[in-house]
Amino acid sequence: MKRREWLGLTFATVALPLATARAQTAALVIFAAASLKNALDEIATAWTKETGKPAPKISYGASSALAKQLEQGAPADLFISADTDWMDYVDQKGLIKKNTRVNLLGNKIVLIAPRDSAVAVNIKPGFDLVKALGGGKLAMANVDAVPAGKYGKAALEKLGAWAGVKDKIAQAENVRAALLLVARGEAPLGIVYSTDAAAEPNVKIVGAFPADSHPPIIYPAAETRDSKSADARLFLDYLKSTKARPALERQSFTVLVKSASST
């Protein structure tokens, strides 16, 4: 064998394990619904401290936007959606590993106001949301695409309040942006998840929507089809473990999976 060929073979033999090692040590990339930020940041910090692995890189946003990014080829190892519709969407596109999909969490939607607001609302069929707004706007995530907005619209329609407020909506790109509008006093009321209200000290809950006024709020999680990270399954298992449960419950999430001890 010529020396040049031998060197080329040696380089290839060495380069392959190096590439594999880099893949194994690269930080996990997670696409997650914006409403998960506080809980997931806490869990990721604990997981990194416990395992010594690189801190996950988490991209938060509207589930709809994250699903579209996955469709366009954005690299991620895990996807956690705030509803089953957008997980179904990426599933139908063949973008997740079906056998890893799990319904991880449940949530609730609530009506919030700035912390010093005197508004009190009894949410029931026929309630007068227009009067409660007092001429202001109702902050909501995009009602056509973002799960929190879709849930909110469905609830308002079921309760007979949508027609009166549909032209008084301040639509935001995701639920955390809607939360911020109320926290800053830019909107007198908003519809967000109870977990968002728990994470923001500058707002308070002034009413809770009945569970039967909207579809069940379910957060599914799955590994992406193109993930090569061994840590993806490990982190997903950690999310389902007893170690992650306290952080999730502190933010008012309902854990839907039966917790197991973490490895």
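**Note on the predicted model: aromatic pairs, helices and internal spaces**

1. Ring pairs link Y151, Y193, Y219 and F253 into a cluster. The model under discussion is a predicted one. Two members of this cluster, Y219 and F253, are taken up again in point 4, and Y151 returns in points 5 and 6.

2. Overall make-up. The protein chain has 263 residues, and 47% of them are buried. Its secondary structure consists of eleven helices and eleven strands. When contacts between residues at least 6 apart in sequence are considered, 77% of them join residues at least 24 apart.

3. The pair in helix α4. There are five aromatic pairs in the structure. One of them is formed by W86 and Y89, with an edge-to-face arrangement: the centres are 5.2 Å apart and the planes meet at 65°. The angle qualifies as edge-to-face because it is over 60 degrees. Both residues belong to helix α4, which spans residues 84-92, and because they are three residues apart there, about one helical turn separates them. W86 has a relative accessibility of 15% and therefore counts as buried. Y89 is likewise buried, its relative accessible area being 19%. Both assignments rest on the cut-off for burial, which is under 20% relative accessible area.

4. The pair between strand β10 and a loop. Y219 and F253 also form an edge-to-face aromatic pair, with 5.4 Å from centre to centre and 85° between the planes. Y219 is located in strand β10 (residues 218-223), whereas F253 is in the loop between α11 (245-250) and β11 (254-255), so the pair ties together parts that are 34 residues apart in sequence. Y219 is buried, with 0% relative accessible area. F253 counts as buried too, at 4% relative accessibility.

5. Helix α6. This helix covers residues 147-158, twelve in number, and reaches 16 Å from its first C-alpha to its last, close to the 16 Å expected at 1.5 Å a residue. Its buried residues are P147, A148, G149, Y151, G152, A155 and L156. G160 follows α6 and has a positive phi, near 80°.

6. H214 and its contacts. H214 is placed in the loop between β9 (203-208) and β10. Its relative accessibility is 11%, so H214 counts as buried. Apart from neighbours within four places in sequence, H214 is in contact with I109, Y151, A154, A155 and F209. Among these partners, Y151 and A155 are also listed with the buried residues of α6, and Y151 is a member of the ring cluster described in point 1.

7. T45 in helix α2. T45 lies in α2, which runs over residues 37-51. Its relative accessibility is 55%, so T45 counts as exposed; the threshold for that class is over 50%. From T45 to P56 the C-alpha to C-alpha distance is 8.5 Å, with the two residues eleven places apart in sequence.

8. Cavities. Two cavities of 30 Å³ or more are present in the structure. The largest cavity has a volume of about 50 Å³. It is lined by 13 residues, among which A33, S63, A82, V146 and V175 lie nearest its centre. The lining of the largest cavity divides into nine nonpolar, four polar and no charged residues. The second largest cavity holds about 30 Å³ of space. Its lining is made up of L36, L40, I80, L104, L105, L239 and L248. By class, these are seven nonpolar residues, with no polar and no charged ones.

9. The largest pocket. Which residues lie nearest the centre of the largest pocket? They are P75, A76, D77, D226 and S227, out of 17 lining residues. The space in the largest pocket comes to about 290 Å³. Its lining has nine nonpolar, four polar and four charged residues. Charged residues thus appear in the lining of the largest pocket, whereas the lining of the largest cavity has none and that of the second largest cavity has none either.

Methods: Residues numbered from 1 in each chain as written. Predicted model: local features only at pLDDT ≥ 70, side-chain atom pairs only at ≥ 80, totals over all residues. Heavy atoms only, no water. 1 Å grid on protein atoms, 1.4 Å probe; cavity = no way out; pocket = protein on both sides within 12 Å on 5 of 7 lines; lining within 4 Å. Points joined across faces, edges and corners; volume = space filled by probe spheres on them. Nonpolar A, V, L, I, M, F, W, Y, C, P; charged D, E, K, R; others polar. Helix = DSSP H or I, 4+ residues; strand = E, 2+ residues; numbered from the N terminus. Buried < 20%, exposed > 50% of the residue type's maximum accessible area, 1.4 Å probe, protein only. Expected span 1.5 Å × (residues − 1). Phe/Tyr/Trp six-rings, centres within 6.5 Å; stacked < 30°, edge-to-face > 60°. Contact = heavy atoms within 4.5 Å.
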